[in-house]
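Trainee: Could we go through this one together? I'd like to know why things get the names they get.

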Amino acid sequence: MARPTSALSAGELTARQTIVRRYWLLCLPALVLLVVAASGPLLIVLAYSFLEPADYSGVIWNLSGEGWFKVILNKDIFDDTVSLADAHMTIFWRSARLSILTTLLTLIVGFPTAYFIATRPKTHRQYWLFLITIPFWTNLLIRTYAIMEVIRNEGILNSSLMALGVIGEPLQILYTDTAVLIGMVYVYLPLMVLPLYAAMERLDFRLVEAGYDLYATRFQVLRRVIIPLVKPGIIAGSILVFIPSLGAYVTPRVLGGGKNMMIGNLIELQFGEGRNWPLGAALSIGLLVAVMAALVFYVRNEQAER
Amino acid sequence: MTWKFTSAVAGVALLASAGGAAAEGELNIYNWGNYTNPDLIKKFEEAHGVKVTVTDYDSNSTALTKVKAGGHGFDIVVPSANYVPIFVKEGLLLEARPDEMSNFKNVDPKWVDVSWDPGRRYTVPWQWGTTGIAVNTEAYKGDVNTSAIFMDPPEELVGKVNVVPEMADVLALAIMYEGGKPCTEDKALLKKVRDALMAAKPKWMSMDYGMTDKMSSGDVMASVNWNGSTFRVRANNPSVVYGYPKEGYPIWMDSVAILKDAGNVENAKLFMNFIMEPENAALISAFARYANGISGSEAFMPEEMKTAPEIVVPAEFKAAGTFLPTCPKAAQDLYTAIWTELRK
């Protein structure tokens, strides 16, 4: 029933305007929440990154590029020579490396797990999923301390290995990058399993059977049929694991022994003992931009392939 | 893009919120973790009919940042000597005039005219102690009264030393080890300090808090640590001893102050006066194992504390102790740069 707009009567026009107005009014709470509660704090962080640090934490409202300068470059405190901020680069690189490793390991462990759940009878699946979500009942900090109990020198792992005679003296796992990696894989594994499961649940297993019928080997079916079909799940899971890993704070602090910082700890140092909020703010925004760049890269890649 | 985020994923976000409305008969204390004797709190609650809540922090900077941000709901904070002037300068403390309170006469005269609060117009002593070296003698039998334990670890302790990540304490120890004074801005000396720390770091196991537990269990064999904490370790693990670095070690005092935006000022003042009573001050020390600044409290202290080498500084090491001042911004910037490089 398409009619030219000019044929609308004045009454119908106002009625439509009212609907539009009501529509915006109903959207208002969500918009306010998005603009004020989500973007607002970020804008404050952004603004702080361009200010001067006050003597004892906080900021002075003077424009300054010092914070951003210090993110990338380092003026040597002893001879004033300017060089690349070696300390920050090391920390950024460690964070990126550990996050990528965490993502890969959770994928390797999570993929078979999700496949296993998706291939159970429908009535059983919810129980398996339920088991996956159990760790979320306990606070992150407590779970991290539990990991510490397992891997510390006098802990369960070392004492049982020594009792079995596998090793002569305790393995120093705690306070190393390996410990941080173990902790992050454990903490973020459910974030990988859940989206993978969501994708696999919708996988049409008749296609898998068809693959076998056409003399594909198991590996070929996995590579040519299953993986392409669950790819959205793999990407969603990888992003869900990678992003929080990059900003992880508690796990590196407790398991890394504080000797090897990650970005999250470096930012905390600037807001705490370092008393340099603008540098902390600039580092936070830098991290945000890096994460967004990674996301855009993912999405672009994804679209290019289609 | 056809990602489907399950609702389970949405439930991942962890939120924690804390806060309570101020009401009559309440007192909210913001103090270092594992530092407040529950018996002291119980006694105060019973004596004055006040409901006390204790919240923990792990460093002076955490406390300063949170208090400065406002909306915290705390009445009392317990900053270290080098942070009290910052709190005062930032206008965060109430001039509560504890020096006019009835129990002020009990404060040991040597703790009255202190540099961070001359005449005690804002704060009363909570506890004081030293930052030194704790060593498990099962791992190392040599001299423990030196910062070399962490600045140049002996072979037996390589990979087994911890350094508490308390910037002010660690840098003060390192600077004094290299022959300087805390808060120095002498760049030639600081360069030596940085290079020495960077060379020592690969020989450390960790930079972490919580040594009371980790040294008791034998996970850590040596650490830069506080005296009271080491005393508590020795009670669990008798082979741990406390060393006073002969090159110099920091002395610190934490003091109780009332916040300017406290909701329960009267109760906070009652508490201040309460802890200047020798019997109550002794309760503070009996728990965290540090000395307090109240004369006469020794009589009420547990017997083992009166002679403990961690608490009673042996005469030969007395001269090496230095009070940590509040460093100026220029020094602070240099120290932060060294600290960041050290912890990268």
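Trainee: Why is the link between the side chains of Asp58(B) and Arg253(A) called a salt bridge?

Mentor: A salt bridge is a side-chain nitrogen of Lys or Arg within 4 Å of a carboxyl oxygen of Asp or Glu. Arg253(A) and Asp58(B) come to 2.9 Å, N to O, so the name fits. The rule finds two salt bridges across the interface of chain B and chain A.

Mentor: A word on the ground rules. The model is predicted, with local features needing pLDDT of at least 70 and side-chain atom pairs pLDDT 80 or more, while totals for chains, interfaces and linings use all residues. Residues count from 1 along each chain as written, chains are lettered from A and ligands numbered from 1 in written order, and side-chain values use heavy atoms, without hydrogens or water.

Trainee: Which elements make up the side of chain B that touches chain A?

Mentor: Those giving at least two residues are helices H1 (7–10), H3 (60–69), H4 (84–89), H6 (167–177), H7 (187–200) and H13 (329–343), plus strand E8 (204–206), all of chain B. H13(B) gives the most, with 11 residues. Helices here are DSSP runs (H or I, at least four residues), and strands are E runs of at least two.

Trainee: What makes that side of chain B a mix of classes?

Mentor: It divides into 24 nonpolar, 10 polar and 17 charged residues. Asp, Glu, Lys and Arg count as charged; Ala, Val, Leu, Ile, Met, Phe, Trp, Tyr, Cys and Pro as nonpolar; the others, Gly among them, as polar.

Trainee: How many residues of each chain are in contact?

Mentor: Chain B puts in 51 and chain A 52, contact meaning heavy atoms within 4.5 Å. About 4500 Å² is buried between the two chains, with carbon and sulfur atoms giving 59%. That is accessible area (1.4 Å probe) lost on putting two parts together, summed over both.

Trainee: What makes you speak of domains in chain A?

Mentor: The bounds come from an automatic or database domain assignment. For chain A, that gives domain 1 (9–83) and domain 2 (84–305). Their centres, taken over C-alpha atoms, are 30 Å apart. Domain 1 of chain A brings 22 residues to the contact and domain 2 of chain A brings 16.

Trainee: How many salt bridges cross between those two domains of chain A?

Mentor: Zero by the rule. The area buried between them is about 1600 Å², and carbon and sulfur atoms give 75% of it. On the domain 1 side, the elements with two or more residues are helix H1 (10–48), strand E1 (51–53), helix H2 (66–72) and strand E3 (73–75) of chain A. H2(A) has the largest share of that side, five residues. By class, the domain 1 side holds 13 nonpolar, six polar and three charged residues.

Trainee: Where are the domains of chain B?

Mentor: Domain 1 of chain B is 26–128 + 252–307, and domain 2 of chain B is 129–251 + 314–343. Their contact takes 20 residues from domain 1 of chain B and 18 from domain 2 of chain B.

Trainee: Which three residues supply the most of the area that domain 1 of chain B buries against domain 2 of chain B?

Mentor: The total between these domains of chain B is about 1400 Å², with 58% from carbon and sulfur atoms. Asn82(B), Trp252(B) and Tyr290(B) supply 42% of what domain 1 of chain B buries there, more than any other three residues. Salt bridges between the two domains of chain B number zero.
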